[in-house]
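Notebook open, and today I'm looking at rings. I want to know who pairs with whom and what sits on top.

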Amino acid sequence: MESNNIEEKIISLQLKKVVKNDFIVVRLCDWGFPQVIESSLISDGRPFPTLFWLTCPFLKEEVSRLESKGMISHFEKRIEHDKSFATAFFDAHRETTLLKEKILCEASVSEESRRLILDRGIGGIRNLKKVKCLHLHLANYLGGIDNPVGREVWNLLEKKQCSSTKIICRELLRENE
């Protein structure tokens, strides 16, 4: 799993920090910029439990608006009271773990690190009935996992990318040339 220098630059600008893990871009916006990356599960020799990251500044802002409206609590209540939604949510955790397991088969990692990564849910969460953050679940969904929280977040977004008159990532690159 390797990234290239241009991807590293734009993702560092998107996240406002240098990503130390290897990664691959798994989803681009219509403007050709990364929206979601799949990160390696080991960073600096230590377990890194977050497989999918939402990198798109536009989507991150839109999802933050949903979080500020109390949507994390909404989804946690739904998991608690809606059995079919909860089952689908737990299945997303399981599907993510299976993908992590497959990735770890190709990596040389200690049994302790393997256990730390595989014994937790999406984004390293310990309590599978909790929703750590909506960004994480949207990234998980856009990364290819059938995550009902991520799917509903995606459907709740009125806008899903920058307008052609203000492409944030293009502006970030220009500012940092």
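**Aromatic pairs and charges over rings**

I started with phenylalanine 89, which is buried, with a relative accessible area of 0%. A reminder to myself: this is a predicted model.

Next I counted the aromatic pairs and got three in the structure. I took phenylalanine 75 and phenylalanine 85 from that list: their ring centres are 6.2 Å apart and the planes meet at 10°, so I put the pair down as stacked, the cut-off being under 30 degrees.

Where do phenylalanine 75 and phenylalanine 85 lie? I found phenylalanine 75 in helix H3 (residues 71–81) and phenylalanine 85 in helix H4 (residues 83–105), so the pair ties together parts that are 10 residues apart in sequence.

Then I asked myself whether these two rings are buried or exposed. Phenylalanine 75 has 0% relative accessibility and counts as buried. Phenylalanine 85 comes out at 6%, so I called it buried too, since the limit is under 20%.

Back to phenylalanine 89: I see it in an aromatic pair with phenylalanine 90, with 6.3 Å centre to centre and 55° between the planes, which makes the pair tilted. I have phenylalanine 90 down as partly exposed, at 26% relative accessibility, whereas phenylalanine 89 is buried.

Last lookup: which charges sit over rings? I noted arginine 78 over the face of phenylalanine 85, at 4.1 Å from the ring centre. That puts arginine 78 on a ring that is also stacked with phenylalanine 75. I also wrote down lysine 160, over the face of tryptophan 154 at 5.1 Å from the ring centre.

Definitions and conventions. Residues numbered from 1 in each chain as written. Predicted model: local features only at pLDDT ≥ 70, side-chain atom pairs only at ≥ 80, totals over all residues. Heavy atoms only, no water. Phe/Tyr/Trp six-rings, centres within 6.5 Å; stacked < 30°, edge-to-face > 60°. Helix = DSSP H or I, 4+ residues; strand = E, 2+ residues; numbered from the N terminus. Buried < 20%, exposed > 50% of the residue type's maximum accessible area, 1.4 Å probe, protein only. Lys NZ or Arg CZ within 6 Å of the ring centre and 35° of its normal.
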